[in-house]
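Colleague: Please take a close look at a single chain for me, and at what it touches. I would like one connected account rather than a list.

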Amino acid sequence: MHVILVVVGAVMVVPLVYAVLSGFKSTDELSSNPFGLPRKWLTSNYTDILGGSDFWRLLGSSTLIAVGTTVLVVALSALAAFSFARFAFRGREALFTLFTMGLMFPFAVAVLPLFLLLRSLDLLDNPLGVILPQAAFGLPMTIIILRAFFREIPGELEEAATLDGCSSFGFFWRVLLPMARPALGTVSVLAVVTSWNNFMLPLLVFTDNTWWTLPVGVQQFQGQYSAEYARVFAYLVLAMVPALAFYSVAERQLVGGLTAGATKG
Amino acid sequence: MTSTFLADKRSGPGTELPPPESVRARGRGRRRVLHWLTAVGFQLPALVLFIGMVLLPMLFALYAAFFRWGGFGMPSDYVGTDNFTDLFDNPVFLGDLWRCLLLVLLSLAFQLPFALAMAVLLNQRLRGRAVYRMLFFAPYVLSEAITGVLFSMVFAPDDGLADHVLGAVGLDGVGGLWFADPSYVMATLFLVMTWKYFGFHMMLYLAGLQSIPRELTEAALIDGASAWQRFRNVTLPLLAPTLRISVFLSVIGAIQLFDLVWVITQGGPDHHSETMAVTMFQYGFKRYQVGYASAISVVMFGICLVFALAYQRFVLRRDLEGATTTMRGDGK
C-alpha cells in the first residue's frame, strides 16, 4: 500500500519539482540535462522576474480583485442568508430557489452576454468588471453554506437579544456575525481561491496589461518567451507560490468549505 | 368567483389573516408588511447583483441567439432558429459534444474509481497520511491556466519531461507529440485533468467515509465478511450519496471546460481538443459572430439544466436528504 502511495505521490510532485529545478537552469542546459540537479544553480531567472515590476503588478492586481470579490460576496450573502435563515416571509422559498438555480449556471455559459453587459456599462479594463460578476456567481454557494450555519444558531438567542432591545440588524451585526466567524472564514477562503484562479473573465475584461491577474500574466508570458523555457518555468513557479502558501495556511477551511458546498448544494 | 373565494378564505377557520375591518388586525397587517419589507430588504443587495449579473445576461443571450449579430448596436437581423440548426450541422460542435461525453466517460471509468481507491487507502491509519492527503489535493488550488502552462511544457514534444522520462526507461518513441497529436491530445488532456482534480473527489469521498460509523464495518468483520465484502456491501452503499454528487460535479466540470484547453491547445490540433466553451469563445470573441456564439451558450445552458434536473429527479432525489444530514457534521 505504501508503494502505491509513494508512486502516486511521486507523480503529483515530479512536475512541480521539475518546474522548480528547471527555473534554476539555463534553457540550453534544460535540453541536455532535463531532470538532474542544475550543474550550476542559476538564480537569474528568478531574480530577474522578482526584480522587475511586472510580476508584482500581477500579484497586486490578483490580490485586489480577490479581496474585493470576497468582501462583496460574503457581505451580501451574509445579509441574504440571515433573512433566509431567520425570517419567515412570503416568497422566501421561491427566492431561495432562484438563488440555488445559479448553481446550474457555469461561468463559461454566461461569459459572453456578461462581456457584452460589462462593455455597455463601460466596465472593461476596470477591476470592478471582474469583481462584480465573480461576486454575483459566488452568491448561490455562499448563501447556501451560510444559511445552513445561521439556522443552527438557537432561536432563544435572538429572543434574548430582542428583549434587550436589539433590532434585527443589531442582532445580525452584534450577535450572529461574531458567532458565525468559522463559517465566514470558510466561505471567504472559497471565494479567494475561486477569484485567484479565474482566468476567462480577466482575460476578456482586461484588454491591456494594467490589471492582468496572475493566470493571465503567466499565459501571456509563455506566449512572449516561448523559446526561453527556463524563464517560463521560473515565472510559473513564482506564480504558484502564493496559491500553495495560502493553501498550506487555510487547508482546513478550504476542504471543509468544498465538502460542505458540494453536499449542501 | 374570486371574491367569494377570498372572502371564504378570510373567514374560514385556521387562516392567519383576521377580518380587515378590525383595527387591531390592520395594525397587525402593517406589522406584517414591515416584517416582509425587513426580510426582503436584507435580500435586496444580493438579489440586485444576482439578477443584474447572472440572470439578465443569460436572458439576453437567449434573445441574441435568434439573430445574426456582430455584437455592436442592438441585434436586428432576426434569423429565427437558424443559429441552432446551423449549430447542429457544424461538425466542430458535434465533435465538442462527443468530446464532452468522452471526458465524462473517462472520468467515470478511471478518475473517480482512482480517487475512491486513494480515499479508501488514506482512510486507514497510515504513517504520513495527512501529508499524502495534502499533496494529492494540492493541484486543485492551482489555477487551470497555470496548470496548463506547466503541462504544455512537461508534454512538450521531444524536449519535455514526459518524453525524457519515457526515454530513460527505454520506451523511446512511445511518447511523441502528445498535445500536438490529434489521436492523443484528448488522452493527454485527460491525464492532466486527473492530476489536477482527482484529489478534490478524493477529499469528498474521505469526508463521506469518515461519516460512516466504524461499528458498521466492525460488525461486518465479526460476521466474517472479507475486506472486499465489507467494502462492497457496507462502505459503498453508504458512500453512494457522495459518489452521486461527485459524478454530478464531474459532468458539470466537463461541460464548461475551457481554461485548460485554451491555454494548452486552443482547441487544436485541427479542433481535436475543442470543447463547447472553446467553440463559443472562438465564435464570440475571435470571429464576432455573437448571435451564433450566444446560441452555443444557450445550448450549453440547456444541457446543464436538463442534466441537472434529470439527475435531481432520477438519481439524487432519494438520498439528497441523507447526504446533507450525514455530512453536516464535517461540513462546518
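Modeller: What follows describes chain A, then its contact with chain B, then the domains of chain B. The model is predicted, and the figures below are computed from it.

Chain A has 13 helices and 0 strands, so the pattern along its sequence is α-α-α-α-α-α-α-α-α-α-α-α-α under the helix and strand assignment used. The C-alpha trace of chain A spans about 75 × 55 × 30 Å along its principal axes. Of the 265 residues in chain A, 48% are buried. Among contacts in chain A with a separation of 6 or more, 78% join residues 24 or more positions apart.

An unreviewed UniProt entry places the feature "domain: ABC transmembrane type-1" at residues 59–250 of chain A. Over residues 59–250, chain A is 80% helix and 0% strand. The C-alpha atoms at the two ends of that stretch are 19 Å apart.

Chain A also meets chain B, in a contact that takes 75 residues from chain A and 70 residues from chain B. On the chain B side, helix α2 (residues 23–64) gives the largest share, 17 residues. By class, the side of chain B that touches chain A has 53 nonpolar, 12 polar and 5 charged residues.

The domain assignment of chain B gives domain 1 (17–64) and domain 2 (82–331). Between these domains of chain B, 4 residues of domain 1 are in contact with 6 residues of domain 2. The domain 1 side of that contact in chain B has 4 nonpolar residues, with no polar and no charged ones.

Note on methods: Residues numbered from 1 in each chain as written. Chains lettered and ligands numbered in written order. Predicted model: local features only at pLDDT ≥ 70, side-chain atom pairs only at ≥ 80, totals over all residues. UniProt positions renumbered as here; feature names shortened; annotations may be inferred. Helix = DSSP H or I, 4+ residues; strand = E, 2+ residues; numbered from the N terminus. Contact = placed C-beta atoms within 7 Å. Nonpolar A, V, L, I, M, F, W, Y, C, P; charged D, E, K, R; others polar. Domains from an automatic or database assignment. Buried ≥ 20, exposed ≤ 12 C-beta atoms within 10 Å, placed from the backbone.
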